[in-house]
Amino acid sequence: IQNRRVQELTAPAAKLPGLACHTMRVKEWKGDVVFLHEAGPGGADRSYGIHVGKLAGLPESVTARAEPPPRESAAEGLLRELRPDELTPREALDLVYQLKALVSE
């Protein structure tokens with residue numbers, strides 16, 4: 001979703017000759033985002049709004065709520081597609097072993 005929003009913001013520059021996108025240079029270091037105090041041509045490859053909010057001192061409860069939700073694990077995906085009433089006893093046992101292997105990884 002974030003990349004799509006960034007693209008929506010930068011797309012008009014391709015259609016309007018008088019419009020140019022610029023972005024702040026950013027480095028990611030040890031899990032943190034460091035803004036380099038340098039602007040350059042082009043659009044950002046992702047949104048840094050949450051990081052800016054943290055730097056601005058927004059409460060953690062606000063920035064945590066804005067974080068993208070975690071991706072579904074393989075085990076969750078398997079369970080979501082599961083139709084328990086359609087499984088044979090052997091298929092159910094195999095499924096337990098599959099889930100165990102996913103959790104053990």
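Me: Leaving aside its neighbours within four places in sequence, with which residues is T23 in contact?

Reply: The model discussed here is predicted. Contacts are read with the sequence neighbours set aside. On that basis T23 touches E38, A39, G40, G42, G43 and A44. T23 itself belongs to strand β1, which covers residues 22–29.

Me: Is T23 buried or exposed?

Reply: The general idea is to compare the relative accessible area with a cut-off; under 20% counts as buried. T23 has a relative accessible area of 16%, so it is buried.

Me: Which residue in strand β2 has a positive phi although it is not a glycine?

Reply: One reads the sign of phi together with the residue type. H37 has a phi of about 55 degrees, and H37 is not a glycine. H37 is located in strand β2. Its side of the accessibility scale is the opposite of a buried one: H37 has 75% relative accessibility and therefore counts as exposed.

Me: How many aromatic pairs are there, and how are the rings arranged?

Reply: An aromatic pair is read from the distance between ring centres and the angle between ring planes. The count here is one aromatic pair. The ring centres of F35 and Y48 are 6.0 Å apart and the planes stand at 80 degrees, so the arrangement is edge-to-face.

Me: Where in the chain do F35 and Y48 lie?

Reply: F35 is in strand β2 (residues 32–41), whereas Y48 is in the loop between β2 and α3 (49–55). The two residues are 13 residues apart, and the pair links distant parts of the chain. Y48 has 14% relative accessibility and therefore counts as buried.

Me: How is the packing of helix α5 with helix α6 to be read, and at what angle do their axes cross?

Reply: One takes the approach of the axes, then their angle, then the handedness. The axes of α5 (residues 74–81) and α6 (residues 89–104) come within 9 Å and cross at roughly 155 degrees. Because angles over 145 degrees count as roughly antiparallel, α5 is roughly antiparallel to α6. The crossing of α5 past α6 is left-handed.

Me: Which residues form this contact?

Reply: From α5 come A74, A75, L78 and L79, which meet L95, Q98, L99 and L102 of α6. The residues of this contact comprise seven nonpolar, one polar and no charged.

Me: What does L99 in helix α6 contact, leaving aside its neighbours within four places in sequence?

Reply: L99 is in contact with A75, L78 and L79. With a relative accessible area of 18%, L99 is buried. Separation can also be read in two ways: L99 and E28 are 71 residues apart in sequence and 34 Å apart in space, C-alpha to C-alpha.

How values were computed:
Residues are numbered from 1 along each chain as its sequence is written. This is a predicted model: local features need pLDDT of at least 70, side-chain atom pairs count only at pLDDT 80 or more; totals for chains, interfaces and linings use all residues. Side-chain values use heavy atoms; hydrogens and water are left out. Axes are lines fitted to C-alpha atoms, for helices over the stretch in contact, and angles run from 0 to 180 degrees between N-to-C directions. Angles under 35 degrees count as roughly parallel, over 145 as roughly antiparallel, 65 to 115 as roughly perpendicular and the rest as oblique. A crossing is left-handed if the near helix is turned anticlockwise from the far one by less than a right angle, and right-handed if clockwise. Contact means heavy atoms within 4.5 Å. Ala, Val, Leu, Ile, Met, Phe, Trp, Tyr, Cys and Pro count as nonpolar, Asp, Glu, Lys and Arg as charged, and the others, Gly among them, as polar. Rings of Phe, Tyr and Trp (its six-membered ring) pair if their centres lie within 6.5 Å; planes under 30 degrees apart count as stacked, over 60 as edge-to-face and the rest as tilted. Buried means under 20% relative accessible area, exposed over 50%, partly exposed in between (1.4 Å probe, protein chains only).
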